[in-house]
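This report describes the fold of a single model, from its strands to selected residues. The sequence and the coordinates are shown below for reference.

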Amino acid sequence: MAMRILDIPTTSISNVKRSPMEVFQKADQEAAGVYVFNREKVVGVMLTQKQYESLNKEIEELYDQLADLMAEKRLLTENVSTFSDVEVRGAIATESPYH
């Protein structure tokens with residue numbers, strides 16, 4: 001089986017040490033993270049701040065979607081009981097807050 005060469009931006013740890021700003025510029029130009037290698041092994045990925053924040057925002061949105069889907073599934077598959085305010089809080093639910 002032939003090895004596939006991935007079309008991703010890469011650099012060496014030596015280049016990062018020499019000029020980290022060039023690596024950030026490369027990440028920005030390529031609109032992708034730059035894989036940093038040290039002795040033929042990936043040791044990290046460098047992203048611009050904008051790329052990092054975008055990924056975090058996307059992750060948050062996915063977690064929100066997941067929570068919504070889990071709640072929807074629970075409502076569709078479980079026998080859900082609802083309770084009135086009086087059942088939950090008792091007599092205090094009917095008392096005036098201004099007494």
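In this predicted model, strand β2, residues 34-38, pairs with β3 in the antiparallel sense, and five bridges join the two. Several of the facing positions can be named. V34 has M46 of β3 as its bridge partner, V36 has G44 of β3, and F37 stands opposite V42 in β3. With β1, strand β2 pairs in the parallel sense over three bridges; there T10 stands opposite Y35 of β2. In general terms, the strands of a sheet pair through backbone hydrogen bonds, in either a parallel or an antiparallel manner.

Taken together, three strands make up an open sheet of mixed pairing, arranged in the order β1-β2-β3. Its edge strands are β1 (10-12) and β3 (41-46), each of which pairs on one side only. From one strand to the next, the twist averages 35 degrees. Helix α2, spanning residues 20-30, lies across β1, β2 and β3 and runs at about 75 degrees to β3.

**The β2-β3 hairpin**

The hairpin of β2 and β3 has two residues between its strands. R39 lies in this loop, and E40 is also found in the loop between β2 and β3. R39 has a positive phi although it is not a glycine, and E40 likewise has a positive phi without being a glycine. R39 counts as exposed because its relative accessibility, 76%, is over 50%. E40, at 77%, is over that cut-off and therefore counts as exposed as well. The values for these two loop residues are set out in the table.

| Residue | Phi | Relative accessibility |
|---|---|---|
| R39 | about 55 degrees | 76% |
| E40 | about 70 degrees | 77% |

**The nonpolar core**

Which residues form the largest nonpolar core? It has six residues, namely V16, V23, A27, V34, V36 and M46. Helix α2 and strand β2 each supply at least two residues of this core. As a general tendency, nonpolar side chains in soluble globular proteins are buried together.

V36, a member of this core, has contacts with several parts of the chain. Leaving aside residues up to four places away in sequence, V36 touches T11, S12, I13, V16, K41, V42, V43, G44 and M46. Among these neighbours, V16 and M46 are also listed in the core, and G44 is the bridge partner of V36 in β3.

**T11 and Q29**

T11 has its place in strand β1. Is T11 buried or exposed? T11 counts as buried because its relative accessibility of 12% is under 20%. The T11 side chain makes a polar contact with the side chain of N15, at 3.2 Å. Not counting residues up to four places away in sequence, T11 touches V16, V23, V34, Y35, V36 and F37. Of these, V16, V23, V34 and V36 belong to the largest nonpolar core, and Y35 is the residue of β2 that stands opposite T10.

Q29 has its place in helix α2. With a relative accessible area of 66%, which is over 50%, Q29 is therefore exposed. Q29 and P9 are 20 residues apart along the chain, and their C-alpha atoms are separated by 9.9 Å.

**The annotated segment**

According to an unreviewed UniProt entry, residues 45-79 are covered by the annotation "coiled-coil region". In the model, the chain over residues 45-79 is 83% helix and 6% strand. The C-alpha atoms at the two ends of this segment are 47 Å apart. The final part of β3, a strand that covers residues 41-46, falls within the annotated range of 45-79. M46, the bridge partner of V34 and a member of the largest nonpolar core, is also in that range.

Definitions and conventions:
Residues are numbered from 1 along each chain as its sequence is written. This is a predicted model: local features need pLDDT of at least 70, side-chain atom pairs count only at pLDDT 80 or more; totals for chains, interfaces and linings use all residues. Side-chain values use heavy atoms; hydrogens and water are left out. UniProt positions are given in the numbering used here, feature names are shortened, and annotations may be inferred rather than shown by experiment. Helices (H or I, at least four residues) and strands (E, at least two) are DSSP runs, numbered from the N terminus. Two strands pair if DSSP finds at least two bridges between them. Axes are lines fitted to C-alpha atoms, for helices over the stretch in contact, and angles run from 0 to 180 degrees between N-to-C directions. Contact means heavy atoms within 4.5 Å. A nonpolar core is a set of buried Ala, Val, Leu, Ile, Met, Phe, Trp, Tyr and Cys residues joined through side-chain atoms within 4.5 Å. Buried means under 20% relative accessible area, exposed over 50%, partly exposed in between (1.4 Å probe, protein chains only). A polar contact is a pair of N or O atoms within 3.5 Å; within protein, one must be able to donate a hydrogen and the other to accept it, and residues adjacent in sequence count only if both atoms are side-chain atoms.
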